Amino acid sequence: MPDAASRLLALYRTMARIRAFENAAEIASQGGVQAWGVATSAKPALVRGPLHLSTGQEAVATGVCANLKREDLLTSTHRGHGHTLAKGADVRRMMGELFGRATGTNKGKGGSMHIADFSVGMLGANGVVAAGMPIAVGAAHALKIRGRKEIVACFFGDGAVNRGPFLEALNWAVVYHLPVLFVCEDNRISATTPTGPMTGGAGASVRAESIGVPGLKVDGNDVEAVDAAAARLVAEVRGGSGPRFLHAVTYRFKGHVSVDPGAYRDKAEVAAALAFDPLLIARVALVGRDVVSSAIDAIDAAAKAEIDAAMVEAEAAPWPESAAAYTDIQNTGAGQWR
Amino acid sequence: MALMNYSQAAAAALSEAMEADPNVVALGEDLGRGGIFAQYRGLQQKFGADRVIDTPISEATIMGAAVGMALAGLRPVVEMRVVDFALCAMDELVNQAAKNRFMFGGQGRVPLVVRMPIGLWTASAAQHSQSLEAWFAHIPGLVVVAPAAADDNYGLLASALASGDPVVYMEHKELWAVEGDVVAGTKVPLGIARRLRDGGDVTIVSWSKAVPTCVAAATELAAAGIQADVIDLRTLWPWDREMVLGSTARTGHLLVVHEAVQVGGFGAEIAAAAAEATGCRIRRLGAPRIPSGYSKPLEDESRVTVAGVVAAATTLMRPPS
C-alpha cells in the first residue's frame, strides 16, 4: 500500500473511533433531561449533564494530533472528546468518565466537559470558552523556561476569538516567543448563534496575523489538508519559530449539547454540510487510492466494537465513594468544615 | 535575626525560595523595577528576566499562564498589583486554578501564590482600596493568607510557596513600611493564628491592618478595666478555630474586626462559628457598605479606628439590658 494511503487509513481510523465514541455517548445521554425543548424521559440517562459532541469535526482533532508526540501538551474546549481520544487517551477510561464512574480518567469528578488525561499530555477540556488559551501559553512558557523540547497545541472554537483571553494569550505567545500551535476549530457557530454576524473584521486568522502569529487556513473537514497544514506548522514551532496559527473551518453536525436538536439552524445549510462529512471525504479519497470499501467498513466496525465494549465496561464500573467528594481539593485546609 | 520592613521581608522569603528551587518564578507587571511596592526589589537583577518576568497588562493571562506554568512543572508567584486588578482574572483564579486539581481527578497540581495587595491606601479611591478576602475564603481549593507584620510576611510567604496549593496572598498596602525582626529560615505555618495579648474578658479577632488597630485598642481597654485576648488570624482559610473558639469559650465575648466591608465579610463566618460552638456574645466591626471615597472625610468613613474598636468592645461588654 502506498504511504499516502496508509497514512490516510490511520487518520481515518482515528476519525472513525471519534465518530463511534460521539455516537455512543449521544445515545447514552438521552433520557432523564428536560432542556432545549426536549421533554423529560422516564429512563435516566447513562451520561448525565451537558454533553458537547464533536460529531462532524473529527478531522481537526485527528489531523492536528497526528503531528503531536505523546509528551507534547494540549489544551481543549468544552467539546473535547475528539482531542482527548486523538491525543492517545484510553477510550474505556474516557467513557468511564462520561458515565461518572470511579474508573474514569478524572475519577468521575469532571465528566465530559472536563475530560482530561495528563498521562498523554492532555491538560483538560474546559467549561469556559477561551479559558484554555492562557493555560496553554503558560504551559509553553514553562517548557521554554525549563529548556524542554515539547510543544503545546491549543484548541479553541470560533466563539473564543471574541473573548479577551484570545488577544491576551496570542500576544503573550508572541512576546515570549513560545512553542504553541493555536488551533481555531471553526465550526461557525457560537453555542446557538452563528459566529459570523457576531464577529468584526475578517475573522480568526486575520486577527492572529495582526498580533504577529502567522498561520494557515484550511478546510477542516479534509483530514489530509489539516494533517499537511499541521505538519508544516508543528515543524516550524518545533524548530523555534514561535507561535503559529491553524484556522480549520468545519461544521458541527449536532446541536450545542446532545439534547439540543439544533432546530434553529437552516435545514438546507445542515444538509449541505452533511455532504461534506469528513469521514466521507476521507473514504472517497481512500477508494480513489485503491483501498477496498470492505477494508474501510472493517475499520468502522472495529471502532464501533471497541466503543461498544467501552460502554459495557463503563456501565458495569463502580461509582465513586461519596468520600471522594472531599479529596483532590487542596493540601492545606481541605474538606474540613462546613 | 534582621530588622526588615514588611516589603523587604517578603522579598527575602521569595529570594530564598528562588535560590532553593529553580522552578520558582515570579510574573507580573513592573516586576523588573521591583514591583510598585518594592516587594520584588533586586530580584530580577539576581535571578534574571526569565525567572522574574515582566508581563503585558494582561491580568487574565498572567493568572491563566501561571496555571499552565504550574501544570508544566513551575511554582509561579503571580503579582496582581492590587486586589482590584485581580478582578480581571477571576475565571483564571476561581474556575481554573482553584478547580483544576479536583475536576481533573487529582491528575494535576496548581502550586501557585497569587499576591493581591488589599486595603485602603491614602486617597486611592474606589478601585484601589478594597479588601476582598471574603470572596476567596468562599472558594474551595484556595488558601487565603493576610499577614499583619513583617516577620509574618516572611514566614507566611515561605509557607505559601511551599504549600503546593493555589494560595491567595493578601498583603496590606499601608503595611509595607512596618518593621519587625525577621529570623531567617523561620516558616509560619498556614492556619495557625497568633495571640498578641492575653486577656480573659473579651476575644478580639482581626487580621491584616486591623491587627495593630486592635492591639492599640486593647491597651486603652485595659486602662478601662477590660482585658482583651487579641488574636491575629493570619490565615483566613484555613482559619485557626482551635485558638479562636478556645478563647471565646473562656471569655464568652467575641469582637471580630476587619477593614473589609462588614456586610458579608469573613468576620460573619467567624462570628457564626463561634456562636454555634460556644454561645458567646458577638459584635462585628468592619467598614460600612460604601465604596471607598477619595476625599479624606469620605475615606475616613471606611476606616476601622482604635476608638471604634474600643467603643465596640465596650458595648459588647455591657450587660444585656
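## A walk through a two-chain model

Let us start in chain A, where five strands form an open sheet in the order S1-S2-S3-S7-S6, paired in parallel. Strand S1 (73-75) and strand S6 (215-219) of chain A stand at its edges with a single partner strand each, so one side of each has no neighbour in the sheet. On average, neighbouring strands of this sheet are turned by 15° against each other, direction ignored. Keep in mind as you look around that this is a predicted model.

Now zoom in on one pair of strands in the sheet. Strand S3 (residues 180-186) and strand S7 (residues 244-249) of chain A run parallel and are joined by six bridges. Look for Glu185(A), whose bridge partner in S7(A) is Ala248(A).

Helices accompany this sheet. Helix H2 (residues 58-65) of chain A packs on the sheet and touches strand S2 (152-157), S3 and S7 of chain A; the direction of H2 makes about 165° with that of S3(A). Helix H5 (residues 132-145) of chain A lies across S1, S2 and S3 of chain A, and runs at about 170° to S2(A).

Next comes the nonpolar interior. The largest nonpolar core has 212 residues, and Ala139(A), Val180(A) and Ala313(B) touch the most other members. Helix H1 (residues 3-28) of chain A gives the most to this core, namely eleven residues. In chain B, domain 1 (2-182) and domain 2 (194-317) both give residues to the core, so it lies between them. Which residues does Ala313(B) touch, leaving aside those up to four places away in sequence? They are Val202(B), Ile204(B), Ala217(B), Leu221(B), Ile226(B), Ala228(B) and Leu255(B).

Let us stay with the two domains of chain B. Their centres, taken over C-alpha atoms, are separated by 26 Å. Where they meet, 24 residues of domain 1 are in contact with 23 residues of domain 2. On the domain 1 side, helix H7 (133-137), strand S6 (143-145) and helix H8 (150-163) of chain B each supply at least two residues. That side divides into 17 nonpolar, four polar and three charged residues.

Finally, turn to the place where the chains meet. Here 38 residues of chain B are in contact with 38 residues of chain A. Helix H3 (59-71), helix H5 (90-97) and helix H6 (100-103) of chain B each supply at least two residues of the chain B side, and the largest share, nine residues, comes from H3(B). By class, the side of chain B that touches chain A has 18 nonpolar, 15 polar and five charged residues.

Definitions and conventions. Residues are numbered from 1 along each chain as its sequence is written. Chains are lettered from A and ligands numbered from 1 in the order in which they are written. This is a predicted model: local features need pLDDT of at least 70, side-chain atom pairs count only at pLDDT 80 or more; totals for chains, interfaces and linings use all residues. Two strands pair if DSSP finds at least two bridges between them. Helices (H or I, at least four residues) and strands (E, at least two) are DSSP runs, numbered from the N terminus. Axes are lines fitted to C-alpha atoms, for helices over the stretch in contact, and angles run from 0 to 180 degrees between N-to-C directions. Two residues are in contact if their C-beta atoms, placed from the backbone, lie within 7 Å. A nonpolar core is a set of buried Ala, Val, Leu, Ile, Met, Phe, Trp, Tyr and Cys residues joined through C-beta atoms within 7 Å. A residue is buried if 20 or more other C-beta atoms lie within 10 Å of its own, exposed if 12 or fewer, and partly exposed in between; C-beta atoms are placed from the backbone. Domain bounds come from an automatic or database domain assignment. Ala, Val, Leu, Ile, Met, Phe, Trp, Tyr, Cys and Pro count as nonpolar, Asp, Glu, Lys and Arg as charged, and the others, Gly among them, as polar.
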